[in-house]
Structure formats: C-alpha cells, structure tokens
Amino acid sequence: MSEFAGRVHLVGIGGDGMAALAQLLREGGATVSGSDIRDSSRTAALQTWAAVHVGHRAENLPERTDAVIYSSAITPGNVEVRAAHGIPRLSRLAALSELTRGRDLVAVVGTHGKTTTATWAAHLTTAATGEGGYYVGGDVPGRPSAVLGRGKPFVAEIDESDGRFVGLRPRVAILTSVDTDHVRTYGGFGGLRRAFAAFVARADRAAVCADDPVAVEAARGQRHPLTYGFSVQADLRATGVEYWRGKSFFELRMRGRKAGEVEVPGPGPHNVRNALGAIAAGMLLHVPLPDLLRALPSAARPRRRLEVLEENGYLVVDDYAHHPTEVAAGLAALRLGWPDRRIVAIFQPHRYSRTQALAGAFGAVLARADRVVVSRVYPAFERPIPGVSGREVADAICGAGGAAVYRDNLGAALDAAAEEIEPGDIVACFGAGDIWKLAREMARGLSYGS
C-alpha cells in the first residue's frame with residue numbers, strides 16, 4: 001500500500017474498473033484525483049469525495065502527484081499521461097496487482113459470467129470467514145464495487161480486453177469460459193485461448209467450468225484443476241436443477257457424492273454455473289463447504305444481470321448481455337424462470353466491429369424471443385464501419401425465422417416495443433451501452449400503467 005499512500009491521479013476514472021480502483025485507493029489512504037472524457041453518474045458520485053475533471057488537460061494533474069494510473073481506453077499520447085513524465089505511471093491492472101500484493105488473490109477470468117461469479121465469490125468468502133476484500137467491474141446493490149477490507153483473501157474480476165491480465169500471478173484462478181470476444185487484441189481466437197492458458201498456468205490453483213471444452217483445454221497447464229458445471233465429468237456438479245422466477249435450486253455432488261442442497265440467487269443455467277464457480281473459489285481457499293452453501297442465498301446479484309426493474313403483470317428486466325452467448329443465456333433463463341410468458345426483446349448492439357463479426361449469430365439467438373426491436377449500434381469509441389448497423393441484426397433475426405424491426409434510436413425503439421407488448425409479457429432489454437436508460441423508462445411507464 002505504500003506505493004499509493006500519497007496523491008494518486010487516475011486518467012479515465014469514470015470507467016467501471018477505474019472507479020472501483022479509486023475506491024480501493026481511497027480506503028488505503030491515498031488522496032485521489034482524476035479525469036474522464038465525459039461527465040456521467042459515476043463521475044458525479046466520485047466528485048463527492050475526489051477532485052474529478054471532465055476532459056483531459058495537462059493542468060488536471062495536481063502538483064506533487066505520486067503516481068498516475070490510466071485505463072485501457074487511454075492511449076500513450078494522452079496529454080495527462082505525457083505530462084506525468086518522471087512520475088510512476090501504471091496501468092489499471094498493474095496498480096491492482098500492487099494493491100493486492102501479499103493477499104490471497106482470487107482472480108475470476110473468462111469471457112462470460114465473471115462479474116457475477118466474482119461478486120458471489122467475494123460474498124461467500126467474506127460471509128464465511130469474516131474477512132476479505134474484493135474488486136468487481138459492475139454495480140452491486142447495497143454494496144460498493146470494491147472494498148480493500150482486511151485479512152488475506154481478495155477476490156477480483158479481471159478483464160482480458162487489453163491483454164494485460166496475463167502478467168498477474170493469482171493464488172486462485174477461476175476460468176468461467178473462453179469465447180469469441182476481444183479476439184482482435186490477441187490476433188485471433190487462438191491467441192485469446194493461449195492467453196487464458198498462460199494466465200491459468202501461473203496460478204497456484206485453478207477452477208474451470210467443465211461445460212466449456214475450450215476453457216478445459218486452456219486449463220491443461222494446471223495439474224489438478226477443480227472442475228465444475230453440469231457435465232458428468234465435473235468435480236463439482238449440479239444435478240436435479242429447478243428454476244423458479246429469479247432463483248435456481250440444485251443438488252450439489254462432489255465427485256459423485258451428494259455434498260448439499262444449493263439455492264442460487266439468480267435464474268437460469270448460467271447462474272448455476274456462476275454459483276458453482278464461486279463455491280469452487282471458496283473451496284480452493286479452504287473455506288468449509290457448508291459455510292459457503294449457507295451464505296449463497298443472501299448474495300446480491302450485480303445490477304444489469306437480468307435485473308428486474310418492474311413486475312406488475314409486465315416484467316421488465318435489464319441485462320448487460322452484448323455477445324450472442326450471453327443473450328442466449330438470458331433468454332433461456334427467462335424461459336425457464338417464467339414459463340408460458342411471451343418475451344419482447346429490445347437489443348442494442350455494442351460496437352461496430354462486434355456487430356460486423358457476429359450479426360448472424362445475434363440473429364440466430366434473438367429469433368428465440370417472440371418479438372425483437374433492434375436499435376442502432378452503441379459505438380463505445382469505435383468509428384462507424386460502412387454498411388454495419390443494427391439493421392443487419394434485425395435482418396438476421398427475420399432470416400432465422402424470428403420477428404424483428406429496426407429503429408435508428410432508443411426513443412423510436414421504445415415506441416416500437418410499446419406497440420408490441422401485451423399484459424403478462426416479459427420486456428427484456430439487452431446491451432452494454434446506454435440501453436439501461438430505455439429499460440428504466442419502460443419500467444417507469446409500465447408502473448404507471450401507460
């Protein structure tokens with residue numbers, strides 16, 4: 001902690017991971033300042049206790065700054081990073097590694113499910129041992145996104161988007177999945193797979209989802225990884241699974257023997273896997289299994305993970321899914337938890353490059369909803385790619401036998417969805433951009449009966 005006991009400036013402080021890191025630095029005694037390219041609810045919250053500037057300028061850097069930390073979205077040519085010449089400059093992950101030095105780091109990695117798995121692993125560890133810290137990239141109801149805490153355990157969600165994660169050396173690695181996302185960073189899917197394999201091999205112990213053959217292959221560098229999932233080969237296996245509304249229930253079997261009954265505070269098979277990953281993390285820290293199972297039902301589900309915003313005959317849910325696998329998992333969970341109800345999905349594609357690569361896959365998955373409204377692409381700092389838009393996704397849905405329309409902005413998408421919904425319907429909003437605003441507006445409108 002001595003590295004960051006003075007004045008620390010964060011460039012790109014408004015991002016999920018950077019805002020959480022700012023919380024850890026503050027808790028560790030640092031004086032925090034920062035900047036971000038735009039104002040947001042997160043920068044506004046940070047401004048209640050830190051000096052946060054909107055826009056990047058050299059003069060934002062305070063005098064006598066001891067360290068500068070920058071997000072993966074910040075280029076080396078950023079004016080504030082260049083102005084910090086002679087001052088220690090660290091990436092977000094390098095700073096997190098420094099902050100957690102000497103702790104038992106549990107690193108949750110993978111393409112899907114890492115926010116929920118990390119959140120639940122942190123809850124289980126803290127509830128069962130009375131100590132521990134955590135760092136997750138999402139908002140958790142009633143809790144901060146990061147707590148430095150005390151004691152040895154520290155659970156962290158580790159982002160693979162910029163390729164820097166391979167330098168960490170955790171005590172425990174939890175690998176949830178390996179799928180086709182951020183492949184350009186690694187020069188293709190093979191490079192991404194090798195990066196996960198290298199990361200898992202550096203951990204003292206590892207757990208891997210047995211239902212994902214690519215993840216299992218990536219964990220070959222571990223002599224005895226703990227496997228979990230629905231697969232009959234899994235060490236920790238869920239059997240007899242039942243789904244009811246926002247919860248799931250199953251019998252846990254440990255290498256074939258019954259080990260307990262489990263209540264999961266989330267719907268769908270993907271949340272069963274998330275729960276198994278969190279339980280595996282606790283077991284690899286030698287936390288007694290009965291204590292883990294007892295704590296799980298009280299774990300909070302991160303916001304925007306099938307978050308229920310309204311239920312008054314209509315059910316309005318908001319979900320961060322922005323990859324076909326994640327959208328498929330969300331739709332499956334809704335079908336299983338609320339059977340016999342229609343699903344009207346509103347989808348906002350995230351990034352032109354992802355839309356260009358996966359429009360067909362999105363179409364095949366979203367065709368499983370009863371009606372779909374596709375909005376324009378949320379760019380996330382990408383420049384438009386000629387010929388790529390949400391219309392390609394809507395056309396792919398129709399081509400796969402579904403029913404979809406395209407609307408060029410969120411307001412028009414909301415109007416189109418409002419024309420489709422009927423009492424009893426599920427309105428499911430998917431996307432990693434600003435579709436959460438539409439979801440909340442829809443929930444407000446339906447709560448007033450309009």
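## Exercises on a predicted three-domain model

In this predicted model, the count between domain 2 and domain 3 is two salt bridges. The exercises below begin with that contact and then turn to single elements and residues.

### Exercise 1. The contact between domain 2 and domain 3

Task: Describe how domain 2 and domain 3 meet, stating how many residues each supplies to the contact and which three residues of domain 2 supply 41% of the area it buries against domain 3.

Solution. Begin with the bounds: the protein chain is divided into domain 1 (7–91), domain 2 (102–298) and domain 3 (307–445). The centres of domain 2 and domain 3, taken over C-alpha atoms, are separated by 27 Å, and their contact draws on 15 residues from domain 2 and 14 residues from domain 3. Next, take the area: the two domains bury about 1100 Å² between them, and 57% of this lies on carbon and sulfur atoms. On the side of domain 2, H112, D181 and R245 supply 41% of the area buried against domain 3, which is more than any other three residues. Finally, consider charge: R184 and E382 form a salt bridge in which the closest N and O atoms are 3.7 Å apart.

### Exercise 2. Helix α6

Task: Work out whether the length of helix α6 agrees or disagrees with its number of residues, and say which elements cover its buried residues.

Solution. Helix α6 comprises the 14 residues 189–202, and because each residue should add 1.5 Å, the expected span is 20 Å. The C-alpha atoms at its ends are 20 Å apart, so the model agrees with the expectation. For the surroundings, first list the buried positions, which are G190, G191, L192, A195, F196, F199 and V200. An α-helix has 3.6 residues a turn, so residues three or four places apart point the same way. The cover over the buried residues of α6 includes the strands β6 (104–109), β10 (172–175) and β11 (205–209), together with helix α7 (213–218).

### Exercise 3. The partners of D318

Task: Decide whether D318 is buried or exposed, and trace which parts of the chain its salt bridges tie together.

Solution. D318 has 0% relative accessibility and therefore counts as buried, the cut-off being under 20%. One partner is R304, with the closest N and O atoms 2.7 Å apart. Since D318 lies in strand β17 (residues 315–319) and R304 in the loop between α9 (289–295) and β16 (307–311), this pair ties together parts that are 14 residues apart in sequence. R304 is also buried, with a relative accessible area of 10%. Another partner is R440, where the closest N and O atoms are 2.8 Å apart. R440 belongs to helix α14 (residues 435–447), so this second pair joins parts that are 122 residues apart in sequence. R440, at 21% relative accessibility, counts as partly exposed. Salt bridges with shared partners then join R303, R304, E307, D318 and R440 into one network.

### Exercise 4. The surroundings of F250

Task: Place F250 in its strand and state which residues it is in contact with, leaving aside its neighbours within four places in sequence.

Solution. F250 is found in strand β14 (residues 247–254), and at 2% relative accessibility F250 counts as buried. Although F250 and G240 are 10 residues apart in sequence, their C-alpha atoms are 5.4 Å apart in space. With neighbours within four places left aside, the contacts of F250 are A238, T239, G240, V241, G260, E261, V262, V264, V272 and L276.

Note on methods:
Residues numbered from 1 in each chain as written. Predicted model: local features only at pLDDT ≥ 70, side-chain atom pairs only at ≥ 80, totals over all residues. Heavy atoms only, no water. Helix = DSSP H or I, 4+ residues; strand = E, 2+ residues; numbered from the N terminus. Expected span 1.5 Å × (residues − 1). Buried < 20%, exposed > 50% of the residue type's maximum accessible area, 1.4 Å probe, protein only. Contact = heavy atoms within 4.5 Å. Domains from an automatic or database assignment. Buried area = accessible area lost by both parts, 1.4 Å probe. Salt bridge = Lys/Arg side-chain N within 4 Å of Asp/Glu carboxyl O.
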